Amino acid sequence: MTKLISDSASQTEKIGAQIAEKLSGVEVIALFGGLGMGKTAFTRGLSAALGVESGVSSPTFSLVNEYRGKWNLYHFDMYRVNTWEDLYSTGFFDYIGNGILVIEWSENIEGALPDDCVRITISRGENDNQRIFEIEGLDLN
């Protein structure tokens, strides 16, 4: 496990960019963390590093936003997904292997995540602005 610390939204975006450098184009990145932890800021940095030019926003109401860059990027928000039926209705399983999936609120679909997914847990640090990123399943060295 790798642990990284961010003290601002811009540093969180840089962590996303750092992780983007290690991707091959078909990863599932499962983000865990409560409201306001920086999941969308992380995704903004990751997507910018992959050449996505359009603005990245949380897909809270659409459930998935699709972006084109170096690879296809599918940004999911599973906050309102509570059942297998809900999950199937998102088309989630059809996206796996066809690009990079970034999943906010992965806690809600943990049983459906691939075994080889990159797991990133984001928690509050020593103050309101600090975030601790615990990253499993990806070698950042």
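Where in the chain is E21 placed? The question is taken up at the last stop of this tour.

**Before starting**

This is a predicted model, in which local features need pLDDT of at least 70, side-chain atom pairs count only at pLDDT 80 or more, and totals for chains, interfaces and linings use all residues. Residues are numbered from 1 along each chain as its sequence is written, and side-chain values use heavy atoms, with hydrogens and water left out.

**The whole chain**

Display the complete chain as a cartoon. Four helices and seven strands make up its secondary structure; helices (H or I, at least four residues) and strands (E, at least two) are DSSP runs, numbered from the N terminus. Followed along the sequence, the pattern is β-α-β-α-β-β-α-α-β-β-β. The C-alpha trace spans about 40 × 30 × 30 Å along its principal axes. For 141 residues, a compact globule would have a radius of gyration near 14 Å, and the chain agrees with its 14 Å. That radius is taken over C-alpha atoms, and the globule rule is 2.2 Å times the number of residues to the power 0.38.

Of the 141 residues, 48% are buried; buried means under 20% relative accessible area, exposed over 50%, and partly exposed in between (1.4 Å probe, protein chains only). The chain exposes about 7,100 Å², of which carbon and sulfur atoms supply 45%. Accessible areas come from the Shrake-Rupley method with a 1.4 Å probe, and for residues only the protein chains shown count as cover. Among contacts (heavy atoms within 4.5 Å) between residues at least 6 apart in sequence, 60% join residues at least 24 apart.

**Strand β5 and its partners**

Select residues 100–104, which form strand β5; five of its five residues are buried. Show the side chains: I100, V102 and E104 point one way, while L101 and I103 point the other way. In a regular strand the side chains alternate between the two faces of the sheet.

Add strand β2 (residues 28–32), which runs parallel to β5 and is joined to it by three bridges. Within this pairing, A30 stands opposite I103. Next add strand β4 (residues 72–77), also parallel to β5 and joined to it by five bridges. Here Y74 has L101 as its bridge partner. Two strands pair if DSSP finds at least two bridges between them.

**Helix α2**

Now select residues 39–49. Why is helix α2 described as largely enclosed by the rest of the structure? The reason is that eight of its eleven residues are buried. These are K39, T40, A41, F42, T43, G45, L46 and S47. Their cover includes α1 (9–20), β2, β4, β5, β6 (118–124) and β7 (131–136). Just after the helix, G51 takes a positive phi of about 85°.

**The salt bridges**

Three salt bridges are found in the whole structure; each is a side-chain nitrogen of Lys or Arg within 4 Å of a carboxyl oxygen of Asp or Glu.

- Select R44 and E13, whose closest N and O atoms are 2.8 Å apart. R44 lies in helix α2 and E13 in helix α1, so the pair ties together parts that are 31 residues apart in sequence. R44 is partly exposed at 32% relative accessibility, and E13 is partly exposed at 28%.
- Select R68 and E66, which meet at 3.4 Å, N to O. R68 is partly exposed at 49%, as is E66 at 42%.
- Select R119 and E110, with closest N and O atoms 2.5 Å apart. R119 is partly exposed at 27%, and E110 is partly exposed at 39%.

**A nonpolar surface patch**

Switch to a surface view and select W84, Y88, F93 and I96, which make a nonpolar patch of about 420 Å². Patches are made of residues with over 30% relative accessible area and no salt bridge; like charges are joined within 9 Å, and nonpolar side chains (Val, Leu, Ile, Met, Phe, Trp, Tyr) within 5 Å. W84 belongs to helix α3 (residues 84–89) and is partly exposed, with a relative accessible area of 48%.

**Last stop: E21**

Finally, select E21, which is placed in the loop between α1 and β2. At 66% relative accessibility, E21 is exposed. Add L140: the two residues are 119 apart along the chain, yet their C-alpha atoms are separated by 8.9 Å.
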